[in-house]
Amino acid sequence: MVQFHEHIISDLLEDPIGGVVVVSAGLGLPKLISSLLSLHDPSQGSVLILNASPSQKNSIDIDSHLSSITSDLPSHHRLSFYTSGGIFFITPRILIVDLLTQRLPTTSIAGIILLNAHSLSDTSTEAFIVRIMRSSNRSLYVRAFSDRPHAMVSGFAKAERLLKCLFLRKLHLWPRFQVYVSQNLERDPPEVVDIRVSMSPYMIGIQKAVIEVMDACLKEMRKTNKVDVEDLTVENGLFKSFDEIVRRQLDPIWHTLGKKTKQLVSDLKTLRKLLDYLSRYDAVTYLKYLDSLRASESFRSVWIFAESSYKIFEYAKKRVYHFGQSESGKSIGVSRTTSTRKRKLDEKNKDVDDSSVSASSGLILKEILEEPPKWKVLRDILVEIQKEGQKQSMAGQEEIHGSQGDLNGIVLVACKDEHSCMQLQDCITKGHHKVMQEEWEKYLLSKVELQALPKYDKKKPKAPKGFGVLDGVIPSVSGQKAEVSSISKPENDALMAAAYEISKQAKKDTDVKDGGANEEHAKGKKNGRKNKRQMIDKTDRECETSIQSETPHSKQKETVNDQHLSTAGHLLGDASESNYRCVLQKHDNQGPENNSAFSSVHFHALESNQSLLDILQPSVIIVYHPDIAFVREIEIYKSENPLKRLKVYFLFYEDSTEVQKFDASVRRENGAFESLIRQKSLMMIPVCQDEQFLGVNSSQEPQSIAAQNVITRKAGGRKEAEKEMQIIVDMREFMSSLPNVLHQKGMRIIPVTLEVGDYIVSPLICVERKSIQDLFGSFSSGRLYHQVEMMSRCYRIPVLLIEFSQDKSFSFQSASEIGDDVTPNSIMSKLSLLVLHFPRLRIVWSRSLHATAEIFAMLKANQDEPDVGKAIRIGVPSEDGIIENDIRAENLNTSAVEFLRRLPGITDSNYRSVMDGCKNLAEVVQLPMEKLAVLMGGHKAAKTLRDFLDAKYPTLL
């Protein structure tokens, strides 16, 4: 354990109530919690850990092997865990249900550990749990932890509100610049080598173009005057939290924004990914991602139409291949047959442009396949480490394997994601040329697969279907147009020709492998291929366009002796696929690379959130993608192992956004802690907040003097016995914050599993709650229709509650989106049709969670309390198939009622009188005309029904 962890634990143990701890990212928070849990005594009671992610569970649970309490465990098993005095992971949903059903003895719980405290609020389920447990167990301690200081300063006085909702009074801040932390980590620092790698000219051009486009989008955002201008900077745009900042500011007016502003928010996210992927992935993968953006976003994106956006696509293409005229102005095919090809084309097709087939305009496709500059540097570092180890062994300076001074031990390479780890591993074992060639072949083969996909019929009628963009035709057509407009037809044909050549070559290789058992058959097959190739070479000499691949010289300062091996290929071009028939001439670079495997090299993906330093105990760490949290983990690892020699390499692209992002993350974290320090000095936490806020009826405000005077007019001021209001809540609703708010209003919450509805307010009122997002999804899936149908069958007053967020505008749609006609895509049209179909349905609009609680209190006025047992049985079919409390069918025979209402002459105004006059359908059929006329309210309706019942059916004779 590092020393500052001991200081943090001692500060926490001083206060028996607990506190909130905020540390810098990467300062060993899982180790800190593990050390704190190791001090727990089972005689004190059980400890429950809430809000832990799977990676945090694995990091904390390395040595202690803690159990998890889930919904799969029966209630009596959970009770035995609660009273055992152990340490358990538990989900907030299970814990709150056990608390409300009184299955959990709160006195048997010693404390609660809350992780990711930055995600908590006063309406969260965790705050609900703390309030209930503190009301019955005042000795309970609550310790909350967070390693995201920038999330703790978002919003107004978030840290102070967090302390109040958890009933805590102390905030512990431990930044990297804290005295104890800096002294501990800087006592024995590792040996650090900072390597700045120069980007290629095309990478610099792409980065500059993306920043220019991002700046243009930010200027467009500033014109809206609806976002804080201080937040709209390119530096903020490099982080994921930038999207949250912009969306948080625009959420209240999101529905009033135009399509352009909404698209700008999405474009800024796309541009940030483009900058991140430029330094993370290779040139072919980057081009593939750009192609997917061009196909999917070109018909609606704003950034694609910016002035510098074309440079992004052009430079990305030039990193992979080059398409244009050869230096001599002639094709690399056999030039003497070009005129013959020209004559034949003129005879076959008069519309062919002569310039495209002339000998002076020879077009070539060169494979550039620019490798990332970091690849070469990484390989040089590994070779240097290997040579250094060999020198030590030759000089006799090596020590026993696994000793503290060993520098020739395990090498750990830290990358951003799994894809980069696998690619770098292939680069080391196979060589960078082969890896780039494989990526290039995958890229071309993906184009062949895309070409083979079924296309929409162009002769399709252009009349709209009535569903607009949702019919799927418009995006597809737009994407195809965008791709054709961005790549010329000759270039696209050349790429397709190369792709078909590679696919056919791969197919031939598999055929050869399959036939390898029969040598004579394989020989005959080989001779057949040779004869076939000779025939194709004779006919394909007419080709005017050739494809040539070459790898450029490395941008590094060392030279590589490459051996160029040229092999001639062939391609059978289909006339329907391409107008080109090309000879594929490839020049593969197979330099004399040392492909010896580095057995001691391990790769680690930072996105996996797994700590491998203590497990692998590496002697050399290569930070391929720098990350501030991982840098702190390295410092903790070296501080815990002061005698171990550790060497760390940092690979940065010089003058790149990668460096800017790393430096900005440090500045942003320091700024967040400075803000928290200022907030801590100005906080106003009530000393007696436990007595003030705890209890079931704690949120009920004292009555004013005027209200007390009104009461004195009735029965001499005698106080009436307060009736406790109770609401039956479905288990699935505890994912939301409404049960917490209802409990704050003094209502008793009864959690059960309901088949019909979400909230049972009274025996007559059932409420189905929908947020705005859930409402749209329920209409799309058709789930809402079934839910309302079941409520109408089982309750007298079915209610659909549409709940808005408190920080958003209380309006469903902007005025411009509301039309006069009923359309299938309009949400207002869908709601109108729903109300017309279920006349007894009531729609309630709520502004926020607190407004919903007030609405529930008004709905419960003069109503009886709901019966829990009856609410559970409603909607559950019995053994006879009859649904409990089905009020729509008086005789509990829903099918017979539906059949009766569909008969000719039966309407909504007379079907009830017919049901009152007849016991079953057989009696309706046997009624005379006079009786039918009385029940149906007229001879015309009775005659319509009688004619239908007496009509003869045709027979097949």
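This tour goes through a sheet, a helix lying across it, and then a set of aromatic rings and charged side chains in a predicted model.

Begin with the sheet. Select the six strands that form an open sheet, in which the order is β19-β18-β20-β21-β22-β23 and the pairing is mixed. At the edges you will find β19, residues 748–752, and β23, residues 842–846, each of which pairs on one side only. Strands of a sheet pair through backbone hydrogen bonds, either parallel or antiparallel. For one pairing in detail, select residues 726–730, which are strand β18, together with residues 759–760, which are strand β20; these two run in the antiparallel sense and pair over two bridges. Within this pairing, I728 stands opposite I760 in β20.

Next, add residues 772–781 to the selection. They make up helix α29, which lies across β21 (765–771) and β22 (797–803) and runs at about 100° to β21.

Now turn to the aromatic side chains, where the count comes to 14 aromatic pairs. Show F650 and F652, whose rings form a stacked pair, at 6.4 Å centre to centre and with 20° between the planes. Are these two residues buried or exposed? F650 has a relative accessible area of 11% and F652 one of 5%, and because buried means under 20%, both are buried. While F652 is on screen, add R196, which lies over the face of the F652 ring at 4.9 Å from its centre.

Move from there to Y785 and F838, whose ring centres are 5.3 Å apart; the planes stand at 55°, so the pair is tilted. This pair links distant parts of the chain, 53 residues apart, with Y785 in helix α30 (residues 783–794) and F838 in the loop between α31 (827–837) and β23. The strand at the end of that loop, β23, is one of the edge strands of the sheet visited at the start. Colouring the two residues by accessibility sets them apart: Y785 is partly exposed, with a relative accessible area of 38%, whereas F838 is buried, at 7%.

Two further selections complete the tour. Choose Y277, Y281 and Y289 together, and you will have one aromatic cluster formed by these tyrosines. Then show K374 with Y624, where the lysine lies over the face of the Y624 ring, at 5.1 Å from the ring centre.

Key
Residues numbered from 1 in each chain as written. Predicted model: local features only at pLDDT ≥ 70, side-chain atom pairs only at ≥ 80, totals over all residues. Heavy atoms only, no water. Pairing = 2+ DSSP bridges. Helix = DSSP H or I, 4+ residues; strand = E, 2+ residues; numbered from the N terminus. Contact = heavy atoms within 4.5 Å. Axes fitted to C-alpha atoms, helices over the stretch in contact; angles between N-to-C directions. Phe/Tyr/Trp six-rings, centres within 6.5 Å; stacked < 30°, edge-to-face > 60°. Buried < 20%, exposed > 50% of the residue type's maximum accessible area, 1.4 Å probe, protein only. Lys NZ or Arg CZ within 6 Å of the ring centre and 35° of its normal.
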